[in-house]
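Take a look at the model shown below. The report that follows goes through its backbone details, loops, cores and one pocket.

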Amino acid sequence: MTVRLVNGGSSCVGTVQVYHDGQWGTVDGSGDYGWDMKAAAVVCKELGCGVALSAPGGAHFGVGSGPVVTYDVRCRGMESTLRSCQSKPWGHRYWLSHSYDVGVFCSEGVRLVNGRSPCAGTVEVYHRGQWGTVQSSGYYGQSWDMKAAAVVCKELGCGAALSAPGGAHFGRGSGPIVTYAVRCRGSESTLRECPSDPWGRYYWTHQNDAGVSCSDPLAKPIISLTPDYRVFVRGESAQISCSGNYPGSKFSLYSSDKFITSQTAPENKKTATFTLSEISAGIYWCNYSTYMGGREFVSPDSEEVHISVWVSGPLKKPIISLTSGYRVFVSGESAQISCSGNYPGSKFSLYRSDKFITSQPVPENKKTATFTLSEISAGTYWCNYSTHMGGREFISPDSEQVRISVWDPLQKPKVSLNPDFQEFARGDSVEISCSGNYPGSNFSLHGDGELLTSQAVPENNKTATFTSMEISAGNYTCKYTKVIDGREFTSPESEAAGISVIDPLQKPNISLKPDTQVFARGERAEISCTGNYPGSNFTLYRNGEFIISQTATENTYTATFTPSEITAGNYTCIYATYTDRRQFTSPESERLGIPVRVNLTWLHIEGLVAGVVTAIVITVFILGFCANKRRKQKSQREERSVLFSSIPCSLQSFQRKWCPHCSSLY
């Protein structure tokens, strides 16, 4: 943030300070262009405050400190930051006095939008860094009334409350709903002081947004001249009157961007008359100010009065203007260009890009010619006029040049769906795209004629994609707007994309008949699969492998599968249904486990007995063989023992000493 307001007791009121080169400084309002409401409006917008109420100069909030950063600020009122306005180069001017430091009064936290003036529209309040609306309804019906409207008008510095419409009278707002059930007494200074339900962020529908219509406090003044001339001879005097709607106001007169003089009207008068002893050529306008409730209110500027003074020739530079006020058109549009001079009955000529187009004389009591061009072309337009006086033709200087650009019209957009279906299951999401022929446009999506959402695309993109978390049935259309050189163009509406929504396919129920726990091999059974859409195509699986599929009749929700022989395994099923262009498939059913046992026949029993008998015979044979072998080994050991006992003792001693293991030989 490079701008702030100080010494005003609020972040939306005070002396303007700007941040430049690491230091805060002030803005000087004493230059040729001074400091006005357009500049104040830019500051209020940049700070996120409400509307600009006044733009005091002369260090109204006290003499500032630090350098004077800039002066001669010239804003159009459309800029988003003060730095975007034209001004003298930003710097640190320590030698300038702070006696002309400028200030701003902004309304704090409330504004009116979408109305015909800043004093009429939908109520928006600033809360937690975001603008939101106020709901006009409460617990017991409509709670928004004239007392609440009076508080808003007072806070904005507007006139009296004229009406307090609810029901989104000025159009549905955006952002959150900040509060509801507002109950004002009418004596509060701000809307926030009124009792209401807690301020927060309520994301409800905006169909009950509250609105206010206030009378404008200071009407645009009317400027007039006596005598009612626009051309004077050098040395002539004139009286310029400025009339407002508040008696006792202070009126100020300006000429060619410079302050001339000011005058306070009596308490019972609404008009000030300025007497100029010698009128000078220039553009004159006036405004007026008054104090109400301790605050200064300044009127809008009056219309401009162009006064020329003859020096040599009588014909002055004409004024060229477009009736529409636009400088940009689309191909095929018509336009009216007016050229005004200071001599009635003159002959006016119109030119484009150095080429003559047409000429037109006006009646003796008219000073303006209006040229109607059935199809405007791009180029630079200007005009001049001529008249005959005393047998001589005088030709005026050329008017200012008006540059006109012509663009191709906005074509009907194309709406498309991704995925490209016309039917969806409830809960599905879908992307809806809208494509036009101008990049950087603002696209809006409508469902059954009601605005759903809008989206601005980058300057290199011609398509907006709207993503809906859950699609609803209806006819969807879109259109787009493009602002070119201050003029907004709107495309035709696209063709409608019709979308229908069906209930999703539920998980099927799988069941078995007969409902037994175990089947014998060879037995048959019926497996049924039931869904929630009649006439669906059902498919049966065993252990994840496809077995068979079957289509139910149009009025039946169940398919029954009859395998020729039941097989052990885990059985599941799914089902699918078809629309004109899309197939919907259900989730898989729960698993149905089926075990199968084997039946024993007489042939099986005979084989089993034969096997058991054979095993017994083999076992007896093996045991007998082992027993016979052990008897033979025992007889051999006994024979060796007798032989060893007959050997002499000396030989036995020798054997034990030198061959202790030889006894195993005997």
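Does D448 count as buried, partly exposed or exposed, and why? D448 counts as exposed, because its relative accessibility is 52% and the exposed class begins over 50%. This is a predicted model, and every value here is computed from it.

**Backbone exceptions**

D448 lies in the loop between β36 (442-447) and β37 (450-456). Its phi is near 55°, a positive value in a residue other than glycine. N543 also has a positive phi, near 50°, and is not glycine either. N543 sits in the loop between β45 (537-542) and β46. With a relative accessible area of 52%, N543 is exposed. Most residues other than glycine have a negative phi, and most peptide bonds are trans.

Two peptide bonds are cis. One runs from T226 to P227, with omega near -5°. P227 is found in the loop between β15 (222-226) and β16 (231-233). The other runs from N418 to P419, with omega near 5°. P419 lies in the loop between β33 (414-418) and β34 (423-425).

**Domains**

How is the protein chain divided? It falls into domain 1 (2-106), domain 2 (111-214), domain 3 (222-310), domain 4 (319-407), domain 5 (414-502) and domain 6 (509-594). The centres of domain 1 and domain 3, taken over C-alpha atoms, are separated by 26 Å.

**Nonpolar cores**

Which residues touch the most other members of the largest nonpolar core? They are V16, W35, L82 and V104, out of 25 residues in that core. Four elements each supply at least two residues of this core: β1 (3-10), β2 (13-20), α1 (37-47) and β6 (103-106). The largest share, six residues, comes from α1. In soluble globular proteins, nonpolar side chains tend to be buried together.

W35 deserves its own list. Leaving aside neighbours within four places in sequence, W35 is in contact with V16, V27, G29, A40, V43, A55, P56, V73, L82, V102, G103 and V104. A second, separate core has 24 residues, among them L156, C184, A210 and C214.

**Three loop residues**

The table sets out one C-alpha separation for each of three loop residues.

| Residue | Partner | Residues apart along the chain | C-alpha separation |
|---|---|---|---|
| Y557 | N532 | 25 residues | 6.1 Å |
| H98 | T26 | 72 residues | 7.8 Å |
| S97 | V68 | 29 residues | 7.9 Å |

H98 and S97 come next. H98 lies in the loop between β5 (68-71) and β6, and S97 lies in the loop between β5 and β6. H98 counts as buried because its relative accessibility is 12%, and the buried class is under 20%. S97 is partly exposed, with a relative accessible area of 39%.

Their contacts follow, leaving aside neighbours within four places in sequence. H98 is in contact with T26, A59, V63, G64, S65, G66, P67 and V68. S97 is in contact with D28 and V68.

Where is Y557 placed? Y557 is in the loop between β46 (545-551) and β47 (558-561). At 40% relative accessibility, Y557 counts as partly exposed. Beyond its neighbours within four places in sequence, Y557 is in contact with C529, T530, G531, N532, Y533, P534 and F538.

**The second largest pocket**

How much space lies in the second largest pocket? The figure is about 620 Å³. Its lining has 23 residues, and H306, K317, P318, I319 and S340 are the closest to its centre. Three elements give two or more residues to this lining: β21 (282-292), β23 (305-310) and β24 (319-322). Of the elements, β23 gives the most, with three residues.

By class, the lining has nine nonpolar, eight polar and six charged residues. Domain 3 (222-310) and domain 4 (319-407) each contribute at least three residues to the lining of this pocket.

Definitions and conventions: Residues are numbered from 1 along each chain as its sequence is written. This is a predicted model: local features need pLDDT of at least 70, side-chain atom pairs count only at pLDDT 80 or more; totals for chains, interfaces and linings use all residues. Side-chain values use heavy atoms; hydrogens and water are left out. A nonpolar core is a set of buried Ala, Val, Leu, Ile, Met, Phe, Trp, Tyr and Cys residues joined through side-chain atoms within 4.5 Å. Buried means under 20% relative accessible area, exposed over 50%, partly exposed in between (1.4 Å probe, protein chains only). Contact means heavy atoms within 4.5 Å. On a 1 Å grid over the protein atoms alone, a cavity is a set of points where a 1.4 Å probe fits but cannot get out, and a pocket is an open set with protein on both sides within 12 Å along at least five of seven lines; lining residues have an atom within 4 Å of a point. Grid points are joined across faces, edges and corners, and a volume is the space filled by probe spheres set on the points. Ala, Val, Leu, Ile, Met, Phe, Trp, Tyr, Cys and Pro count as nonpolar, Asp, Glu, Lys and Arg as charged, and the others, Gly among them, as polar. Domain bounds come from an automatic or database domain assignment.
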